[in-house]
Amino acid sequence: MYLTPEVKKDIFKENGKNEVDSGSPESQVALFTYRIKHLTEHMKENHKDLATKRSLMQLVGKRKKMLAYLKEQDIERYRAIVKKLGLRK
């Protein structure tokens, strides 16, 4: 399995307040980004996998909504997470 509890803890530790902080927008966006990268690699090899494609599009939408929320609430935190994850060019 690609997303073990240890990987989640590392993601939350790097982007959240601590390793069990799964509720902050920063940690959720980081987790979504990790999952999106994994599914993108899967789609490169299995381009006809429509269920995965749908899941990928749903994750992208969730991340977009979470980033819009964060931008509305605190622009500095939004800028920090976007820069850290390299989401915008």
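Ala-80 counts as partly exposed, at 45% relative accessibility. The residue is found in helix α4. Its C-alpha atom is separated by 17 Å from that of Gly-23. Along the chain, Ala-80 and Gly-23 are 57 residues apart. The model described here is a predicted one.

Salt bridges come next. Side chains of opposite charge can pair when their charged atoms come close. In this model the count comes to three salt bridges. Glu-26 forms one of them with Arg-77. The closest N and O atoms of Glu-26 and Arg-77 are 2.5 Å apart. This pair links distant parts of the chain. Glu-26 lies in helix α2 and Arg-77 in helix α4, 51 residues apart. Glu-26 counts as buried because its relative accessibility is 12%, and buried means under 20%. Arg-77, at 34% relative accessibility, counts as partly exposed.

Another salt bridge joins Lys-44 to Glu-41. Here the closest N and O atoms are 3.3 Å apart. Both residues lie in helix α2. Lys-44 and Glu-41 are three residues apart, about one turn of the helix. Lys-44 has a relative accessible area of 59% and is therefore exposed, the cut-off being over 50%. Glu-41 is partly exposed, with a relative accessible area of 45%.

Helix α4 also holds a salt bridge between two of its own residues, Arg-79 and Glu-76. Their side chains meet at 3.3 Å, N to O. Arg-79 and Glu-76 are three residues apart, about one turn of the helix.

Two charged residues are buried without such a partner. Asp-21 is found in the loop between α1 and α2. Asp-21 is buried yet has no salt bridge. The nearest side chain of opposite charge belongs to Lys-17, 4.7 Å away. A salt bridge requires a nitrogen and a carboxyl oxygen within 4 Å. Leaving aside residues up to four places away in sequence, Asp-21 touches Phe-12, Gly-16 and Ser-27.

Arg-63 has its place in helix α3, which covers residues 50-73. Arg-63 is likewise buried and has no salt bridge. For Arg-63, the nearest side chain of opposite charge is that of Glu-41, 13 Å away. Glu-41 is itself paired with Lys-44 in a salt bridge. Residues up to four places away in sequence again set aside, the contacts of Arg-63 are Val-29, Phe-32, Thr-33, Ile-36 and Leu-87.

The remaining feature is a pocket. Rolling a probe the size of a water molecule over the atoms shows where empty space is left. The largest pocket holds about 160 Å³ of space. Three elements each give two or more residues to its lining: α1 (5-15), α2 (25-45) and α4 (75-85). The lining consists of Asp-10, Ile-11, Glu-14, Asn-15, Ala-30, Thr-33, Tyr-34, Lys-37, Lys-84 and Leu-85. By class, four of these residues are nonpolar, two are polar and four are charged. Thr-33 lines the pocket and also touches the buried Arg-63.

Definitions and conventions: Residues are numbered from 1 along each chain as its sequence is written. This is a predicted model: local features need pLDDT of at least 70, side-chain atom pairs count only at pLDDT 80 or more; totals for chains, interfaces and linings use all residues. Side-chain values use heavy atoms; hydrogens and water are left out. On a 1 Å grid over the protein atoms alone, a cavity is a set of points where a 1.4 Å probe fits but cannot get out, and a pocket is an open set with protein on both sides within 12 Å along at least five of seven lines; lining residues have an atom within 4 Å of a point. Grid points are joined across faces, edges and corners, and a volume is the space filled by probe spheres set on the points. Helices (H or I, at least four residues) and strands (E, at least two) are DSSP runs, numbered from the N terminus. Ala, Val, Leu, Ile, Met, Phe, Trp, Tyr, Cys and Pro count as nonpolar, Asp, Glu, Lys and Arg as charged, and the others, Gly among them, as polar. Buried means under 20% relative accessible area, exposed over 50%, partly exposed in between (1.4 Å probe, protein chains only). Lys and Arg count as positive and Asp and Glu as negative; His and the chain ends are not counted. Contact means heavy atoms within 4.5 Å.
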